[in-house]
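Student: I've got a structure open and I'd like to know what stands behind the labels people put on it. Could you take me through it?

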Amino acid sequence: MARRPGPSVRLKLTLSYAGVVLVTGAVLLAVVWLFLLRYVPDNSQGLLGISPNRYLLSRVFGRAAAVTMGVLLMLGLGGGWILAGRMLAPLTRITAAARTAGSGSLSHRIRLEGRQDEFRELADAFDGMLERLESHVAEQQRFAANASHELRTPLAISRAMLDVARRDPDGDHDEVFARLQAVNTRAIDLTEALLLLGRSDRGNFARQGVDLSLLAEEAAEVLLPRAEERGITLDVTGGAAPVAGSAELLLRMVTNLVQNAVVHNLPEGGAVTVRTGTLGDVSELRVENTGPPVPPDLVPTLTEPFRRGSERVRTDEHAGAGLGLAIVQSVVRAHGGSLDLAPRDGGGLTVTVRLPRTERTSAGQTA
């Protein structure tokens with residue numbers, strides 16, 4: 001926004017310092033005049049005929065006062081200009097860093113030295129903002145690159161199969177159509193996951209009363225056939241866990257957690273346990289699954305988009321795009337909750353979701 005030019009802050013502070021000095025000097029001179037010179041006799045001989053009278057002292061004092069006020073004015077302006085410059089030097093560095101960041105360079109940091117004060121607190125907050133912004137931009141760039149790669153893969157596969165079918169008109173077209181349908185389905189699922197991830201990140205959804213225990217039962221019912229195919233025991237326990245949010249997004253969150261627990265499990269004889277409940281003002285959902293030990297250094301990366309966790313057991317049949325836990329984290333963050341992942345004793349993973357609890361009416365909605 002265009003603004004009219006005006007006096008600088010340094011000039012304003014300088015004039016303020018000089019004004020304070022002048023006012024202080026004027027008050028001091030006024031005090032001297034009122035409480036000292038007023039007691040000097042105003043006659044031609046002065047006090048006892050040997051001391052100056054008020055007239056002579058007033059003339060001498062007036063000249064000295066004028067010179068003193070001039071000196072105070074010069075000292076106030078010069079000293080104020082220097083002091084204002086020293087005080088505003090950190091602000092100049094912060095402004096330069098802001099302009100550098102505005103030009104697209106987010107790696108610059110102020111790193112203002114010295115003891116803690118308002119300017120250093122502002123500089124530290126600005127450095128923290130730049131660090132988070134740089135991390136977010138880098139994450140978005142990686143996400144865009146990975147998303148482009150993931151979307152390009154099924155398209156490239158489809159083009160290759162179409163080229164093969166075109167070169168071999170007498171080939172098995174039914175098999176080509178089946179494979180094209182599978183590849184197309186994967187591309188659609190990936191696109192829907194990306195749209196869901198973007199929607200949850202924006203947080204623009206209507207909120208209503210939702211019970212996580214009912215969502216857990218619904219997700220378990222849908223995924224039970226897949227669990228039985230792999231010989232995995234799926235158990236849902238616990239009490240009501242009322243929250244306020246989007247039923248669609250929360251159901252997708254629970255479904256992703258249970259699906260990941262089923263997919264990343266033992267080849268046979270595994271187990272998945274889903275528990276819901278409340279603790280104070282928090283509603284909790286915990287999903288545990290058996291499996292091989294998960295390296296602790298791998299756990300923080302599992303919520304990154306397109307991070308598939310290569311060291312976790314999975315089958316090619318359910319090799320997803322790596323957005324499951326990324327969507328979970330985004331939904332949890334949009335609902336003001338927290339997500340905790342921890343390696344489970346004996347192997348596997350424990351995922352705990354904590355969301356703000358809401359009161360429930362008899363209809364199961366928020367009051």
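**What earns each label**

Tutor: Let's start with two helices: α6 passes α7 in a left-handed crossing. Keep in mind that this is a predicted model.

Student: What numbers describe how helix α6 and helix α7 pack?

Tutor: Two packed helices are described by the angle between their axes and the distance between the axes. Helix α6 (residues 247-263) and helix α7 (residues 324-334) pack at about 145°, and their axes are 9 Å apart.

Student: Which residues in α6 and α7 meet?

Tutor: On the α6 side they include Leu249, Met253, Asn256 and Leu257. On the α7 side, Gly324, Ile327, Val328 and Val331 are among them.

Student: Why is Asn256 called buried?

Tutor: Asn256 has a relative accessible area of 6%, and buried means under 20%, so the label fits Asn256. Asn256 is found in helix α6. Leaving out neighbours within four places in sequence, Asn256 is in contact with Gly324, Ile327 and Val328.

Student: What about Gly270, buried or exposed?

Tutor: Buried: Gly270 has a relative accessible area of 3%, and the cut-off is under 20%. Gly270 is found in the loop between α6 and β4 (271-279). Its contacts, leaving aside neighbours within four places in sequence, are with Gly231, Ile232, Thr233, Asn265 and Thr290. Gly270 and Asn289 are 19 residues apart in sequence, with their C-alpha atoms 7.5 Å apart in space.

Student: Now charges. What makes Glu113 and Arg93 a salt bridge?

Tutor: Side chains of opposite charge can pair when their charged atoms come close. For Glu113 and Arg93 the closest N and O atoms are 3.3 Å apart, and the cut-off is within 4 Å, so this pair counts as a salt bridge. The pair links distant parts of the chain, 20 residues apart: Glu113 is in the loop between α2 and α3 (118-167), and Arg93 is in helix α2.

Student: Why is Glu113 called exposed, and why is Arg93 called partly exposed?

Tutor: Glu113 has a relative accessible area of 51%, and exposed means over 50%, so Glu113 gets that label. Arg93 is at 35%, which lies in between under 20% and over 50%, so Arg93 counts as partly exposed.

Student: How do you know that Arg354 forms a salt bridge with Glu284?

Tutor: By the distance again: the closest N and O atoms of Arg354 and Glu284 are 3.2 Å apart, and within 4 Å is what's asked for. Arg354 lies in strand β7 (residues 349-356) and Glu284 in strand β5 (residues 282-289), so the pair ties together parts that are 70 residues apart in sequence. Glu284 also meets Arg286 in a salt bridge, at 3.6 Å from N to O. As for exposure, Arg354 is partly exposed at 31% relative accessibility, and Arg286 is partly exposed at 26%.

Student: How many salt bridges does the structure hold?

Tutor: The structure holds 8. Salt bridges that share partners join Arg275, Glu288 and Arg344 into one network.

Student: What makes the phi of Arg111 worth a look?

Tutor: Most residues other than glycine have a negative phi. Arg111 has a phi near 50°, a positive value in a residue other than glycine. Arg111 is found in the loop between α2 and α3. At 60% relative accessibility Arg111 counts as exposed, because the cut-off is over 50%.

Student: Which residues form the nonpolar patch on the surface?

Tutor: Leu11, Leu15, Leu73, Leu77, Trp81 and Ile82 form the patch, with about 520 Å² of accessible area together. α1 (9-35) and α2 (54-102) each supply at least two residues, and α2 gives the most, with 4.

Student: What makes Leu77 fit the accessibility cut-off for a patch?

Tutor: Leu77, in helix α2, has 33% relative accessibility, and a patch residue needs over 30%, so Leu77 passes. The label for Leu77 is still partly exposed.

Student: And how much of the whole chain counts as buried?

Tutor: Of its 367 residues, 34% count as buried. The secondary structure of the chain comes to 7 helices and 7 strands.

Note on methods: Residues are numbered from 1 along each chain as its sequence is written. This is a predicted model: local features need pLDDT of at least 70, side-chain atom pairs count only at pLDDT 80 or more; totals for chains, interfaces and linings use all residues. Side-chain values use heavy atoms; hydrogens and water are left out. Patches are made of residues with over 30% relative accessible area and no salt bridge: like charges are joined within 9 Å, nonpolar side chains (Val, Leu, Ile, Met, Phe, Trp, Tyr) within 5 Å. Accessible areas come from the Shrake-Rupley method with a 1.4 Å probe; for residues, only the protein chains shown count as cover. A salt bridge is a side-chain nitrogen of Lys or Arg within 4 Å of a carboxyl oxygen of Asp or Glu. Buried means under 20% relative accessible area, exposed over 50%, partly exposed in between (1.4 Å probe, protein chains only). Axes are lines fitted to C-alpha atoms, for helices over the stretch in contact, and angles run from 0 to 180 degrees between N-to-C directions. A crossing is left-handed if the near helix is turned anticlockwise from the far one by less than a right angle, and right-handed if clockwise. Contact means heavy atoms within 4.5 Å.
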